[in-house]
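User: I would like to go through the terms used for this model and see what each one rests on.

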Amino acid sequence: MAIIGTRIDGRLIHGQVANLWATKLNISRFIVIDDEVAQSDIDKQALKLATPAGIKLSVLPIEKAANNIKNGKYDSQRVMIIAKRPDRFVELVHQGVEIETLNVGNMSQTDETRSITNSINITDEDIENFKKLEAQGVKIVSQMVPNDKAVDFFTLVKEKK
């Protein structure tokens, strides 16, 4: 399988992802799954600028990403899939893409979120989406950078109730 890593990160591609994770996992392609970002030329240009030389970038609507993955388009590559929120991964799994582990990185703070760590802010809807993923057999962890220990995501949620 071409999917080497999956990550939720509100910043999508930035220093931690572009340098630390891409190097650690030897990534050859980032796939950003987000219907809105895929339609924004400004967002796509910013993501291209943040992507290191030598790594390919696809910014795709979720359905197109799912079809490309299922059709084997990236089978010869080492792919990391990135999205801002868990609902994108729920849809990707619903479209038939198998994901073993989902790494929850930075989720930005908004008026609707509550903080469970310094860098993870969630809504009740996010929790429901994480539960849907878990019900589909996806292991959900939180690991900011490769040298950090991966922590079971739901233990973080329980600690903050």
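User: What share of the contacts between residues at least 6 apart in sequence join residues at least 24 apart?
Analyst: The share is 68%. Contact means heavy atoms within 4.5 Å. This is a predicted model, in which local features need pLDDT of at least 70 and side-chain atom pairs count only at pLDDT 80 or more, while totals for chains, interfaces and linings use all residues. Residues are numbered from 1 along each chain as its sequence is written, and side-chain values use heavy atoms, with hydrogens and water left out.

User: Why is the chain called as compact as a globular protein of that length?
Analyst: Its radius of gyration is 15 Å, and the globule rule gives 15 Å for 161 residues, so the two are close and the description applies. The radius is taken over C-alpha atoms, and the rule is 2.2 Å times the number of residues to the power 0.38. The chain has 6 helices and 9 strands, which are DSSP runs numbered from the N terminus (helices H or I, at least four residues; strands E, at least two).

User: Why is S119 called buried?
Analyst: Buried means under 20% relative accessible area, exposed over 50%, and partly exposed in between, with a 1.4 Å probe and protein chains only. S119 has 18%, so it is buried. Its place is in the loop between β6 (114–115) and β7 (121–122). Neighbours within four places in sequence aside, S119 touches G105, N106, M107 and M144.

User: How many aromatic pairs does the structure hold?
Analyst: There are 2. Rings of Phe, Tyr and Trp (its six-membered ring) pair if their centres lie within 6.5 Å; planes under 30 degrees apart count as stacked, over 60 as edge-to-face and the rest as tilted.

User: What makes the pair of F130 and F153 tilted?
Analyst: The ring centres are 4.3 Å apart and the planes stand at 45°, so the pair is tilted. This pair links distant parts of the chain: F130 is in helix α5 (residues 124–135) and F153 in helix α6 (residues 153–159), 23 residues apart.

User: What kind of pair do F153 and F154 form?
Analyst: F153 and F154 form an edge-to-face pair, with 5.7 Å centre to centre and 75° between the planes. F130, F153 and F154 form one aromatic cluster.

User: Are the rings' residues buried or exposed?
Analyst: F130 has a relative accessible area of 0%, so it is buried. F153, also at 0%, is buried, and F154 is buried at 10%. Over the chain, buried residues make up 50% of the 161 residues.
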